[in-house]
Amino acid sequence: MCQRCPCGCRAWSGFEVSSTSLGGVAQAPLHIRMHGADNVAIVANAGGLPAGTVFADGLVLRERVPQGHKVALVDVPQGAIVRRYNVPIGTALKAIAAGSWVSEALLQMPDACSLVDLPLATQVAPVQPALDSYTFEGYRNADGTVGTRNILAITTTVQCVAGVVDFAVQRIKAELLPKYPNVDDVVGLEHSYGCGVAIDAPDAIIPIRTLRNISLNPNFGGEVMVVSLGCEKLQPERLLPPGSFAIQKVAALATSEMAVGQLSINSAAAPLARAEETPLDVVCLQAQAHVGFMSMIASIMQAADQHLVRLNARRRTTVPASALVVGVQCGGSDAFSGVTANPAVGFCTDLLVRAGATVMFSETTEVRDGIAQLTARASSPAVAQAMVREMDWYDRYLAKGHADRSANTTPGNKKGGLSNIVEKAMGSIVKSGSAAISGVLSPGESLRDKGIAGGLVYAATPASDFICGTLQLAAGMNLHVFTTGRGTPYGLAAVPVIKVATRTDLAQRWHDLMDVNAGRIADGEATIEQVGWELFHLMLDVASGRKKTWAEHWKLHNALVLFNPAPIT
Ligand code: CA
């Protein structure tokens, strides 16, 4: 059993378990130490362990320790550093005897590390051998992007129209969709933005470009249609100015005409002029032509019908795995997140990067405490400095609200054994694997606009599950991987979400919500590498539509939640 050392040394180091013969015997007392220099380990057994428990290494519990919580491996004097992942996660507020429960109340959290004088591109991982034989079946777009699902999206400019769009979407699903068997779904892109906001404030660019870029997500095939109220601040032409949707707009027109090998961002240049002549397709509810609610619904359905015809002509073709754009994030984390699920995702991240795919990791408050190891891993000083800029922006954003990164942790995180944001961050960063970080996106930016295709990218987002997912959609994600320890039914309507459980107990209780059980790693029944490869193959199956995730099966999805740091009026 091994994993990449989370301390930033980039080595794949063994983590130690107190017993090595646990296969399927969850009852044997087990603690897991992440690094040889750690003076704490976590109790792995479901339900925790009682006082008097003797581990295989001779350690005796002095008190009951819940599952996922830390036990002191040695006597820790008052004021000494408590170390997990070979990183200081706090100092002891009083002396802690070996075998004691190291609870949150015993730890003083370290201050956030300075953003000055960080190592810039000093530990760039060498490029690993390419994995170029893997493919999936996807929907090619003319701009080079590839969809994993074929969905009609109805963009909205303002929350006021949400009810009408909901009504229309239900009618479209019932009356039109059966005529178009190649179209998977119809989704209203509803949100809380669009009016009552300081739309000219500098930070308003974030929600506006987020919504614009979501409309251009590869799964929507360039078939942009908009429902507007009429009087709102976010006018359709401000959301999608002429030209902004043209490259995507040609996608559906060109897909059937162009050979697979011809497709690239540059190849879209020729049909661009033709597309620019096509005006944005907008249904305005306040238009004089609308007399009564049903006339609005009829207009939306008529517009939708035309887009459905073109979407229905799309076909899956074999594309290289490099066309995957994967967003990874975690939510409802526990102490096992950084032991099982996130390391397996990190291993899979490395596989994807080797296959030429794009992988985004995010969640600024959950990487802030690991910034030094991330700037060291950046492919160039410029990329490292871009990461620092994002951290600095977010520090100032939090400070405006008189908060800092410690506001991140939830009661569930703490109940699951995570004492503070430093410990949580070390487990979260592991999702990014070991590859060089080759690009950075600001919130709401898209990979397309930045000219990024392939590699490991830091897409700056809040850690909030639904806001992070929304921003990764805007970046151009076509597949989402989500790890959870406490459990969440999280899903997105626009892309498949593969959920990975950190513990077997959760995977068994939520057997029809969790797609992968990484808890087998802590049980001694699978290695990080095995679960990482399993996830990799599952991703190709899900991307191809051969398998559906549980969230898709039950049609579970969260709302789009735009990140709006600008004032509300
Ligand atoms: Ca999250």
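A residue is called buried when its relative accessible area is under 20%. I begin with that cut-off as it bears on two residues of the calcium site in this predicted model.

Ala463 has a relative accessible area of 11%, and therefore counts as buried. Asp465, at 17%, is buried as well.

Both residues belong to the set of protein donors of the calcium ion. Ala463 contributes its O atom and Asp465 an OD atom. The other donors are Gln329 through OE1, Cys330 through O, and Glu363 through OE. These atoms lie 2.3 to 2.5 Å from the ion. Along the chain, the donors follow the spacing Q-C-x32-E-x99-A-x1-D.

I turn now to the largest pocket. Its volume is about 750 Å³. Which elements give two or more residues to its lining? They are helix 1 (162-176), strand 14 (185-189) and helix 17 (550-554). Strand 14 gives the most, with five residues.

In total, 33 residues line the largest pocket. Those nearest its centre are Lys173, Asp185, Val187, Ala493 and His557. By class, the lining comprises 17 nonpolar, 11 charged and five polar residues.

As for domains, the lining of this pocket takes at least three residues from domain 2 (151-245 + 280-313) and at least three from domain 3 (319-511 + 520-554).

To close, I would direct colleagues to two places in the model: the calcium ion with its donors, among them the buried Ala463, and the largest pocket, with strand 14 as the element that gives most to its lining.

How values were computed. Residues are numbered from 1 along each chain as its sequence is written. This is a predicted model: local features need pLDDT of at least 70, side-chain atom pairs count only at pLDDT 80 or more; totals for chains, interfaces and linings use all residues. Side-chain values use heavy atoms; hydrogens and water are left out. Donors are N, O and S atoms within 2.8 Å of the metal (3.2 Å for Na, K and Ca); water is not among the atoms, so sites may look incomplete. Buried means under 20% relative accessible area, exposed over 50%, partly exposed in between (1.4 Å probe, protein chains only). On a 1 Å grid over the protein atoms alone, a cavity is a set of points where a 1.4 Å probe fits but cannot get out, and a pocket is an open set with protein on both sides within 12 Å along at least five of seven lines; lining residues have an atom within 4 Å of a point. Grid points are joined across faces, edges and corners, and a volume is the space filled by probe spheres set on the points. Helices (H or I, at least four residues) and strands (E, at least two) are DSSP runs, numbered from the N terminus. Ala, Val, Leu, Ile, Met, Phe, Trp, Tyr, Cys and Pro count as nonpolar, Asp, Glu, Lys and Arg as charged, and the others, Gly among them, as polar. Domain bounds come from an automatic or database domain assignment.
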